[in-house]
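User: Please give me a close look at the salt bridges in this model. I would also like some context on the backbone around it.

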Amino acid sequence: KDVEMNIFPSHILLFVMGALVFYRFNLVGVLTLSEILSLGYFCLNWRNVVQSAYENRLLRGVMMAWIGYLVMQMTSDMVNDTLASDMQRGWARIVFFGVNIAVMGHVSRFRIDRLVAFYLGYSLSLLFNTYAVGDPWLLEWKFGYGPLLTLSIAFLMGLAGPSMLGRAGALGLMAAGFIHLQSNARSLGGLSIFVGMLSLLAEYFSRNLKDRTSALSARFLVPVLLFIFSIYQVYSYGASSGLLGEKTMEKYNKQTAEGRNVVSGARMEYTIAIPAILEAPVLGYGSWARNTEWVKKYIYINKMDPTAYDAEFLMELGIIPTHSHILGSWAEAGFMGGFFWFLILYLTGSTFVGMLRHPELPYRALLLFIVALFMWDILFSPFGLERRILDPAVIVLVAALKEWMERAKADASSITVDTVECDNGAANGWMPTHA
């Protein structure tokens with residue numbers, strides 16, 4: 001049933017929510033039409049929405065942590081005497097985020113195919129707003145055509161299933177990753193190659209991975225780690241030698257200066273975000289975490305010209321640089337903001353590992369990519385506008401995947417028990433009868 005794509009109202013509603021992500025307007029900050037649609041659904045059906053969130057064990061825990069996150073943000077704002085405008089936007093962001101989680105859980109009924117409909121709508125919205133509208137933000141490869149290319153290949157792989165065509169799709173996903181690297185979209189390229197490689201290896205080691213009683217075996221992990229190391233070396237050589245383009249070479253040389261690696265050099269915000277959090281670990285700095293002293297330190301550490309546009313822009317904003325869901329939420333809301341996203345990261349990571357054990361999982365390559373990208377965003381991307389609707393979709397998807405895997409495990413156990421009973425019955429001259 002999870003692979004059926006019948007056009008039910010739930011599919012249509014989630015498709016439309018995905019398609020409206022990039023349509024925005026100002027109302028207590030910038031909102032998307034997807035969020036307005038979600039809020040309207042919640043107002044009309046709030047009892048059932050709340051009940052649905054409560055009945056799902058994973059989502060119930062997430063929503064309890066979300067309440068703690070919201071309460072701590074309110075407390076932090078009052079203690080830090082946050083600007084009223086920042087306070088309103090900060091509270092609204094967390095409230096809309098929680099409402100979107102609950103609504104998506106109720107609409108999808110935690111079914112994988114319905115959530116796939118959301119991403120299909122999102123992909124078409126990417127195409128339309130990049131090609132037809134020419135959104136300046138989406139015209140950058142890593143935000144527009146890049147994700148669209150990877151999502152399209154992964155979706156087609158899901159339709160093909162575990163077959164030769166599916167394996168060809170995995171190779172296509174890896175090829176798309178190299179195109180992303182050539183287009184200076186490193187994180188997207190790395191994740192595309194990683195997911196394509198994992199899809200191939202998980203299918204090859206499917207019998208080994210089916211052993212759900214143990215952690216991932218060395219037979220699987222060693223090739224994965226060797227492949228990651230090899231891709232990193234290939235990228236480093238291609239970027240430093242100019243094979244991936246002059247812009248990529250300039251960016252690589254700048255970020256690897258003074259002995260830094262690509263990841264740490266690309267995310268220098270942590271050099272300020274972590275010390276800032278350690279100075280106020282409990283309450284944080286309030287919504288938007290404005291503190292010009294930490295911004296000055298960031299400019300100094302990164303040897304930026306204080307009179308340059310980038311430095312002046314950072315000082316004008318006055319927001320502590322974090323570029324991370326976890327670090328940003330912790331800086332704003334204190335330890336509950338950080339705890340919430342650490343919880344989500346743990347649940348997502350455990351689900352990602354579980355998905356590798358199920359080659360029969362519908363749309364596995366697509367879902368692996370979505371979940372992997374989400375984990376990357378939690379660690380290395382800000383909790384921005386579109387994330388208020390995209391993150392809830394992944395959180396509900398994780399809950400749906402947990403339910404699917406639990407059912408698969410129960411079905412496997414039932415088959416094993418029935419087989420044993422049949423064998424025993426045959427040995428004793430009788431066969432059990434099942435309704």
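Analyst: Happy to. A word on burial before we start: a residue counts as buried under 20% relative accessible area, as exposed over 50%, and as partly exposed in between, using a 1.4 Å probe and protein chains only. The model is predicted, so local features need pLDDT of at least 70 and side-chain atom pairs count only at pLDDT 80 or more, while totals for chains, interfaces and linings use all residues. Residues are numbered from 1 along each chain as its sequence is written, and side-chain values use heavy atoms, with hydrogens and water left out.

Let me take the salt bridges (a side-chain nitrogen of Lys or Arg within 4 Å of a carboxyl oxygen of Asp or Glu). Searching the whole structure turns up 10 salt bridges.

One of them pairs arginine 24 with glutamate 386, whose closest N and O atoms are 2.5 Å apart. Arginine 24 belongs to strand β1, and glutamate 386 to the loop between α19 (364-380) and α20 (387-427), so this contact ties together parts that are 362 residues apart in sequence. Helices here are DSSP runs of H or I with at least four residues, strands are runs of E with at least two, and both are numbered from the N terminus. With a relative accessible area of 37%, arginine 24 is partly exposed; glutamate 386, at 11%, is buried.

Another salt bridge brings the side chains of aspartate 86 and arginine 290 together at 2.5 Å, N to O. Aspartate 86 sits in helix α5 and arginine 290 in the loop between α14 (270-279) and α15 (292-301), so the link ties together parts that are 204 residues apart in sequence. Aspartate 86 is buried because its relative accessible area is 2%, whereas arginine 290 has 34% relative accessibility and counts as partly exposed.

Helix α5 also takes part in the next pair. Glutamate 332 bridges to arginine 93, and here the closest N and O atoms are 2.3 Å apart. Glutamate 332 lies in helix α17 and arginine 93 in helix α5, so the pair ties together parts that are 239 residues apart in sequence. Both glutamate 332 and arginine 93 are buried. Shared salt-bridge partners join Asp86, Arg89 and Arg290 into one network.

Now for the backbone context. Back in strand β1, which spans residues 24-26, you will find phenylalanine 25; its relative accessibility is 30%, so phenylalanine 25 counts as partly exposed.

On the other side of helix α5 from its start, the chain enters the loop between α5 (84-108) and α6 (112-132), and phenylalanine 110 lies there. Although phenylalanine 110 is not a glycine, its phi is positive, at about 60°. This residue, phenylalanine 110, counts as buried because its relative accessibility is 7%.

Helix α17, home of glutamate 332, has a comparable point of interest beside it. Histidine 323 is placed in the loop between α16 (309-317) and α17 (325-333). Its phi is near 55°, again a positive value in a residue other than glycine. Histidine 323 has a relative accessible area of 29%, so histidine 323 is partly exposed.
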